[in-house]
Amino acid sequence: MRGPCEFFSLTILLGLGLVSGPLRAQIDESQTGAWYMYFFNAPFASSRWGITGDAQYRSWDFGGDLQQALLRSGVTWRTKDADAIFTLGYAYVVAGEFGSDSAKFVENRTYQDALLPQKIGERFYIRHRFRFEQRWIEDQDFRTRYRYTFFMDVPLNQTDLNKGAWYLSFFDEIFLNGQRDIGDDRTVEVFDQNWLYGAIGYSPADSLRLQAGYMHIYANAFQKGQIMLSLSQTF
């Protein structure tokens, strides 16, 4: 027969088990989110230098539940024949928890990347991007992350992506953490997440591209779909 102390301990453990679920911010993997994005690229005239950047609002749902707000910009340098573009940049990120939790945290990030364009045949426009990030995340130790992205654009009604082009766009991006220890006896896996994306795009002008697509996020803690709407502009 169990004694009073054992029954009391068992009751406490059962109670904690019942309430622990509501206390955690569980991500609803069946709920589709939405990302709204603006990208720009401004090469300087008669120079290999330029600037690039983007502003993004990422929502766990379609607009009211903040996942991330991101502002990013960098200085670019192109090789003579534009066979590679190198960027040194900075990003400011505010991230929110899923659901009604109003908690938010700030991340400051610097990054360096190399973008290598490639064309296969008449219609396959491919880019490889290698990115290294240095991350200062609120309440965590300094972190780094490695990212690789494979992009591909395929025009449908013409052989280029200039004005009037309808095209398909795809990318896959993998994220790997540089450190596992993030402070206070907390650790993360080496594999961080993977993004798989497909979209339909249209070029209303040589300098503008619109895309509407869908991305699936495979992360350690969750898997989730996102509607993606973007505008890219070249000055």
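Accessible areas are those obtained by the Shrake-Rupley method with a 1.4 Å probe. On this basis, the protein chain of the predicted model exposes about 13,400 Å², of which carbon and sulfur atoms supply 62%. The chain comprises 235 residues, and 37% of them count as buried. Its secondary structure consists of one helix and 13 strands. In sequence order, the helix precedes the strands, giving the pattern α-β-β-β-β-β-β-β-β-β-β-β-β-β. Among contacts between residues at least 6 apart in sequence, 48% join residues at least 24 apart.

The largest nonpolar core contains 15 residues, and the members that touch the most others are W35, F171, W195, Y197, M215, I217 and M228. Strands β1 (33–43), β8 (166–177), β11 (191–205) and β12 (208–219) each contribute at least two residues to this core. The surroundings of F171 illustrate the packing. Apart from residues up to four places away in sequence, F171 touches T149, F150, F151, W195, L196, Y197 and M215. Nonpolar residues also occur on the surface, where Y146, I174, L176, V190 and F191 form a patch with about 400 Å² of accessible area together. Within this patch, I174 belongs to strand β8. I174 counts as partly exposed because its relative accessibility is 31%, which falls between the limits of 20% for buried and 50% for exposed residues.

Charged side chains are paired at many positions, and a search of the whole structure finds 13 salt bridges. One of these is formed by R131 and D113, with the closest N and O atoms 2.7 Å apart. The pair links distant parts of the chain, since R131 is in strand β6 and D113 in strand β5 (residues 104–120), 18 residues apart. Both partners are buried: R131 has a relative accessibility of 9%, and D113 has a relative accessible area of 7%.

A further salt bridge joins the side chains of R127 and D153, with an N to O distance of 3.3 Å. R127 lies in strand β6 and D153 in strand β7, so this pair ties together parts that are 26 residues apart in sequence. The two partners differ in their exposure: R127 is partly exposed, at 28% relative accessibility, whereas D153 is buried, at 3%. Strand β6 also provides R129, which pairs with E173 of strand β8 across 44 residues of sequence. In this salt bridge the closest N and O atoms are 3.3 Å apart. E173 is buried at 2% relative accessibility, and R129 is likewise buried, with a relative accessible area of 16%.

E173 and R129 also take part in a network of salt bridges that links them with E107, R109, E133, R135, R145, R147 and D192. Of these residues, R145 lies in strand β7 and counts as buried at 5% relative accessibility. The side chain of R145 makes a polar contact of 2.9 Å with the side chain of E133, and another of 2.9 Å with that of D192. Beyond its neighbours within four places in sequence, R145 is in contact with R109, R131, F132, E133, R135, F175, L176, N177, G178, D192 and Q193. The C-alpha atoms of R145 and R131 are 8.3 Å apart in space, although the two residues are separated by 14 positions in sequence.

Polar side chains without charge are also paired in the interior. Q134 is located in strand β6 (residues 124–137) and is buried, with a relative accessible area of 11%. Its side chain makes polar contacts with the side chains of T110, at 2.6 Å, and Q112, at 2.9 Å. Excluding residues up to four places away in sequence, Q134 touches N108, R109, T110, Y111, Q112, F142, R143 and T144.

Two aspartates have notable backbone angles. Most residues other than glycine have a negative phi. D139, however, has a positive phi of about 65°, and D185 has a positive phi of about 60°. D139 is found in the loop between β6 and β7 (143–155), and D185 lies in the loop between β9 (181–183) and β10 (186–187). Both side chains belong to exposed residues, with D139 at 63% relative accessibility and D185 at a relative accessible area of 81%.

Note on methods:
Residues numbered from 1 in each chain as written. Predicted model: local features only at pLDDT ≥ 70, side-chain atom pairs only at ≥ 80, totals over all residues. Heavy atoms only, no water. Core = buried A, V, L, I, M, F, W, Y, C linked by side-chain atoms within 4.5 Å. Buried < 20%, exposed > 50% of the residue type's maximum accessible area, 1.4 Å probe, protein only. Helix = DSSP H or I, 4+ residues; strand = E, 2+ residues; numbered from the N terminus. Contact = heavy atoms within 4.5 Å. Patch = residues over 30% accessible without salt bridge, like charges linked within 9 Å, V, L, I, M, F, W, Y side chains within 5 Å. Salt bridge = Lys/Arg side-chain N within 4 Å of Asp/Glu carboxyl O. Polar contact = N/O pair within 3.5 Å; in protein donor to acceptor, adjacent residues only side chain to side chain.
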